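Let's take a walk through this one, starting on the outside and working inward. Have the viewer open and follow along.

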Amino acid sequence: MALAPLTAALLAAKRRLGLSFADLGQRLGADEVWVASLIYGQATATAEQAEALLQALELGGSAGAERLDQLTTYPVKGALDPVIPTDPLLYRFYEILQVYGLPLKDVIQEKFGDGIMSAIDFSLTVDRQEDPKGDRVVVTMNGKFLPYRTW
């Protein structure tokens with residue numbers, strides 16, 4: 001998957017400066033997953049957030065105005081290549097949905113009724129849980145339930 005030029009520049013600066021998404025999140029007053037989403041072009045920053053990000057990454061300069069504009073423009077969400085991911089970590093999420101997607105849908109609808117989980121009124125966190133058999137990745141998705149309506 002080819003990265004957008006802005007994403008590539010932001011990630012290169014992040015690596016060069018040795019910053020984490022959590023570091024950037026603290027500077028922007030936002031969650032680290034949201035900051036990563038912004039950098040990958042899937043979220044929209046306020047002008048203040050965009051300026052803070054560019055300042056933290058030392059990316060002002062002549063391209064700063066264009067980058068600021070790109071970070072504050074509404075993206076086409078989900079505009080990633082619509083293919084089965086080949087990156088092993090991304091593939092595992094795809095595999096999880098293949099194996100547990102329909103059961104998850106049924107359990108959610110059994111508990112809430114016919115509807116969906118919002119990806120707009122939504123948060124996602126990633127935590128590390130120490131375990132003697134190998135540390136665990138804890139991914140928490142928290143979305144508002146949106147019932148389908150009858151008309």
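**From the surface patch to the core**

Helix α6 is the top contributor to the nonpolar patch, giving five residues. Keep in mind as you look that this is a predicted model. The patch sits on the surface and is made up of Leu-89, Phe-93, Ile-96, Val-99, Tyr-100, Met-117, Phe-122, Val-126, Val-137, Val-139 and Met-141, which together have about 1,000 Å² of accessible area. Besides α6 (88-112), the strands β1 (115-129) and β2 (136-147) each put in at least two residues.

Pick out Val-99, which lies in helix α6. Is Val-99 buried or exposed? Neither quite fits: its relative accessible area is 48%, so Val-99 counts as partly exposed, because the exposed class starts only over 50%. As background, nonpolar side chains in soluble globular proteins tend to be buried together.

For that kind of burial, turn to the largest nonpolar core, which has 20 residues. The members touching the most others are Leu-10, Leu-24, Leu-38, Ile-39, Leu-53, Leu-57 and Leu-71. Two or more core residues come from each of α1 (5-17), α2 (21-28), α3 (32-39) and α4 (47-56), and α4 has the largest share, with five. Zoom in on Leu-71: leaving aside neighbours within four places in sequence, its contacts include Leu-6, Leu-10, Leu-38, Ala-50 and Leu-53.

One last stop is the loop between α4 and α5 (64-72), where you'll find Glu-58. Most residues other than glycine have a negative phi. Glu-58 isn't a glycine, yet its phi is positive, at about 55°. With 52% relative accessibility, Glu-58 counts as exposed.

Technical notes: Residues numbered from 1 in each chain as written. Predicted model: local features only at pLDDT ≥ 70, side-chain atom pairs only at ≥ 80, totals over all residues. Heavy atoms only, no water. Core = buried A, V, L, I, M, F, W, Y, C linked by side-chain atoms within 4.5 Å. Buried < 20%, exposed > 50% of the residue type's maximum accessible area, 1.4 Å probe, protein only. Helix = DSSP H or I, 4+ residues; strand = E, 2+ residues; numbered from the N terminus. Contact = heavy atoms within 4.5 Å. Patch = residues over 30% accessible without salt bridge, like charges linked within 9 Å, V, L, I, M, F, W, Y side chains within 5 Å. Areas by Shrake-Rupley, 256 points an atom, 1.4 Å probe, with all protein chains shown as cover. Salt bridge = Lys/Arg side-chain N within 4 Å of Asp/Glu carboxyl O.
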